[in-house]
Amino acid sequence: MSNRRDETEPEVAHQRSQSGRSRSCAAPMSPARTFPRSRLWAKIATLSVLTVLLGALLFTATPVALAKAGSGSSLSVRKDVKDLTKREKAEFVSAVLTAKNVPSPWDPKLSYYDQFVQWHRAAFKCKHGWQQDGNWAGAAHNSPTFLPWHRQYLILFEQMLRTTSGNPDLTLPYWDWTNADSTAAVFSNDLMGPEGDPAHDFAVMSGPFRKGAWSFNIQDPAVYLDGVRTPESFIVRRFNVFFEESPGLPTAKDVKQAQAVSHYDHAPFNAQSKTSESFRNTLEGWRNATPSECKDGWLMQTQTKGSPHDLHNLVHIYTGGIWKEGDEVVQGTMAYNTSPNDPIFFLHHANVDRIWAAQELASGGHYRPKAIGEQGFNGADTMWPWRNRTINSWFGTIRNGYMYERLR
Ligand SMILES: [Cu+2]
């Protein structure tokens, strides 16, 4: 695996094929079902004036949003982890732990929590038996639906936490990785727990998700584990190690630069989309990626040698770590396709969604491609695997019932 460094690691490593249509593999997906629309929950919280003003600016022209925003019912507000009270942290943690022990409403063979790991894993398939009804694999990454896919996914996760906590007002917090206090709060023992212990193969040994208290049932498929040490069933985190490099976390300046890209996405609508023309690809974090391939039914994506990962991708790498021990590559949990096995995934992606929310407000939030993309990726198409709403309908947090405590 001497060239493993130049191959991109699983979570950031796979992409919908540009020539996906010509691939005729069949991997039946669990049947589609209809999901309840997310409800608006009364929520009292402090909103930044900026958020409200910008929100009003964008959504004045949107009747549905205007009705909600002006109806007197308030929106649910996602807070920075550093602003959570002790009680809110405990409630969030307890809701996540409970979700591991109750059955999924979509697939009773899985726990409710593992359903999310399973969806994320399946999103890397390049076989797509469901294409007959107009949907394609690769929806979750390296495609224009990266952001709306994860928005719906997080809303479903939040709905799960409301069910398992019994608190209809619970919201998913976010980890602002550009802020040291937010990062400290995330890795505290009353939330996600710390970095792994080098004396225990970098297992997380304290906090609610420590080894022995939290374990995995779903792992990456074999093709991604070629040359990679057999994954552990506990959370592994080794901060800031990407082979010999220590790339750090993205900065506020990196975020600002990404948000300055006003076009949502641009052809070829994948990991090769130019960062100057594709906000989505800039935020996703691909830099000079090479075309993807389909191997054993799974999408493989590599990054050009010497090219850095950034933003979303970089935070996965920073948190999990990827390094070599002898001939083997060792990865932290957040570096796999099954990265949602580490619940920090959801706090990270809430922040990615927040960064998008700010850019939507600044740019007017127009999805691309409108109609020139592959089937399943145009704005009026529904999104795999839920298929209950159009991609366009996921634009705008307010019309989807929530907002962020702060957008910057
Ligand atoms: Cu991610």
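1. A residue counts as partly exposed when the number of other C-beta atoms within 10 Å of its own falls between the limits for exposed, 12 or fewer, and buried, 20 or more. Glu293 has 15 C-beta neighbours inside 10 Å and therefore counts as partly exposed. This residue sits in strand β2, residues 293-295. Its C-alpha atom is separated by 8.8 Å from that of Cys126, although the two positions lie 167 residues apart along the chain, counted as their separation.

2. The model is predicted, and the remarks here should be read accordingly. The chain's secondary structure amounts to ten helices and six strands. Of its 408 residues, 50% count as buried. Contacts between residues at least 6 apart in sequence join residues at least 24 apart in 71% of cases.

3. The largest nonpolar core has 88 residues, and the members that touch the most others are Phe157, Leu161, Val186 and Leu347. Helix α10, residues 344-363, supplies the largest share of this core, with eleven residues. In soluble globular proteins, nonpolar side chains tend to be buried together. For Phe157, the contacts beyond four places in sequence are Phe116, Leu172 and Phe346.

4. Helix α10 also merits a check of its length. Its 20 residues should span 28 Å at 1.5 Å a residue, and the C-alpha atoms at its ends are 29 Å apart, so expectation and model agree. Of those 20 residues, 18 are buried; α10 is therefore largely enclosed by the rest of the structure. Just after the helix, Gly364 takes a positive phi of about 95°.

5. Helices α3 (residues 86-99) and α5 (residues 146-165) have axes that come within 8 Å and cross at roughly 95°. Crossing angles of 65 to 115 degrees count as roughly perpendicular, so α3 and α5 are placed in that class. On the α3 side the contact involves Glu91, Ser94, Ala95, Val96, Thr98 and Ala99; on the α5 side, Met160, Leu161, Thr164 and Ser165. By type, these residues are five nonpolar, four polar and one charged. Leu161 of this contact is also among the core members named in point 3.

6. Two cis peptide bonds should be looked at in the model. One joins Arg368 and Pro369, with omega about 5°. The other runs from Trp384 to Pro385, with omega near -5°. Pro369 lies in the loop between α10 and β6 (402-404), and Pro385 is placed in the loop between α10 and β6 as well. Most residues other than glycine have a negative phi, and most peptide bonds are trans.

7. Two residues other than glycine have a positive phi. Phe269, with phi near 55°, is in the loop between α7 (252-259) and α8 (279-284). Arg387, with phi of about 60°, is in the loop between α10 and β6. Their surroundings are as follows: Phe269 is buried, having 23 other C-beta atoms within 10 Å, whereas Arg387 has 18 C-beta neighbours inside 10 Å and so counts as partly exposed.

Note on methods: Residues are numbered from 1 along each chain as its sequence is written. This is a predicted model: local features need pLDDT of at least 70, side-chain atom pairs count only at pLDDT 80 or more; totals for chains, interfaces and linings use all residues. A nonpolar core is a set of buried Ala, Val, Leu, Ile, Met, Phe, Trp, Tyr and Cys residues joined through C-beta atoms within 7 Å. Helices (H or I, at least four residues) and strands (E, at least two) are DSSP runs, numbered from the N terminus. Two residues are in contact if their C-beta atoms, placed from the backbone, lie within 7 Å. The expected span of a helix is 1.5 Å times one less than its number of residues. Axes are lines fitted to C-alpha atoms, for helices over the stretch in contact, and angles run from 0 to 180 degrees between N-to-C directions. Angles under 35 degrees count as roughly parallel, over 145 as roughly antiparallel, 65 to 115 as roughly perpendicular and the rest as oblique. Ala, Val, Leu, Ile, Met, Phe, Trp, Tyr, Cys and Pro count as nonpolar, Asp, Glu, Lys and Arg as charged, and the others, Gly among them, as polar.
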